Amino acid sequence: MPHLKITTNVSKSSIPSNFLKETSALVAKMLGKPESYCVVTVVPDQMMLWGGEEGPCAIAHLMSIGKLGVKENKNYSKTLGEHIEKHLGVAPNHMYIEYQDIKTADLGYDSTTFHDILG
């Protein structure tokens, strides 16, 4: 159910081949969710500019049912910022991360919603 989407101007050829797998495992561990439900999307090669200057930058969106909040998001920002900087070269001060705590009734899966699955 967690989905991390990273939109970036980093080229596809510069993204390590293991980035998606490592990031999926990181998101699962970070949120305490089964990795079998985690989705990671990277949208590379975007025309993006940060603060009027060229260079690596990104916008990320992390959606999850629960496990998000003021204290948690601060920790996630640090963890994801360090991970993305290490692998994509995007400094944490050149990336926004939007957090979305979605209701179980608002996320469909396997011909139903997580409201029916989780209660």
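What follows is a walk through the fold of this predicted model, from its sheet to its helices, its cores and a few single residues.

The sheet is a good place to start. It is open and built from 4 strands in the order 2-1-3-4, with mixed pairing. At its edges sit strand 2 (39-43) and strand 4 (95-101), each of which pairs on one side only. On average, neighbouring strands here are turned by 10 degrees against each other, direction ignored.

Going through the pairs one by one shows where the mix comes in. Strand 1 (residues 3-8) runs parallel to strand 2, and 5 bridges join the two. Strand 1 also pairs with strand 3, this time antiparallel, through 6 bridges. Strand 3 in turn is joined to strand 4 by 7 bridges, and that pair is parallel. In general, strands of a sheet pair through backbone hydrogen bonds, either parallel or antiparallel.

His 3 is a handy marker in strand 1. Opposite His 3 in strand 2 stands Val 39, while in strand 3 the bridge partner of His 3 is Met 63. Further along the sheet, Ala 60 has Ile 97 in strand 4 as its bridge partner.

Two helices pack on this sheet. Helix 1 touches strand 1, strand 2 and strand 3 (58-64), and its direction makes about 135 degrees with that of strand 2. Helix 2 (residues 70-88) touches strand 1, strand 3 and strand 4, with its direction at about 135 degrees to that of strand 4. Together, strand 3, helix 2 and strand 4 make up a right-handed β-α-β unit. Strand 3 itself is mostly covered, with 5 of its 7 residues buried.

What lies inside? The largest nonpolar core counts 23 residues, and those with the most contacts within it are Ile 6, Leu 62 and Leu 88. Strand 1, helix 1, strand 3, helix 2 and strand 4 each give two or more residues to this core. Helix 1 gives the most, with 6 residues. A second, separate core has 6 residues, including Met 63, Ile 102, Leu 107 and Phe 114.

Leu 62 shows how many parts of the chain can meet at one side chain. Setting aside neighbours within four places in sequence, the contacts of Leu 62 include His 3, Leu 4, Val 27, Met 30, Tyr 76, Leu 80 and Tyr 99.

Two helix residues make a nice contrast. Thr 23 belongs to helix 1 (residues 19-31). Thr 23 counts as buried because its relative accessible area is 0%, below the 20% cut-off. Beyond its neighbours within four places in sequence, Thr 23 is in contact with Leu 4, Val 40 and His 83. Glu 85, by comparison, sits in helix 2. Its relative accessibility is 38%, so Glu 85 counts as partly exposed. With neighbours within four places in sequence left out, Glu 85 is in contact with Val 90, Ala 91 and Pro 92. Glu 85 is 24 residues away from His 61 in sequence, and their C-alpha atoms are 16 Å apart in space.

Finally, the cysteines. The structure holds 0 disulfides. Cys 57 has a relative accessible area of 0% and is therefore buried. Cys 38, at 12% relative accessibility, counts as buried too.

Conventions
Residues numbered from 1 in each chain as written. Predicted model: local features only at pLDDT ≥ 70, side-chain atom pairs only at ≥ 80, totals over all residues. Heavy atoms only, no water. Buried < 20%, exposed > 50% of the residue type's maximum accessible area, 1.4 Å probe, protein only. Contact = heavy atoms within 4.5 Å. Disulfide = S-S within 2.5 Å. Pairing = 2+ DSSP bridges. Axes fitted to C-alpha atoms, helices over the stretch in contact; angles between N-to-C directions. Core = buried A, V, L, I, M, F, W, Y, C linked by side-chain atoms within 4.5 Å. Right-handed = clockwise from strand over helix to strand, strands pointing away.
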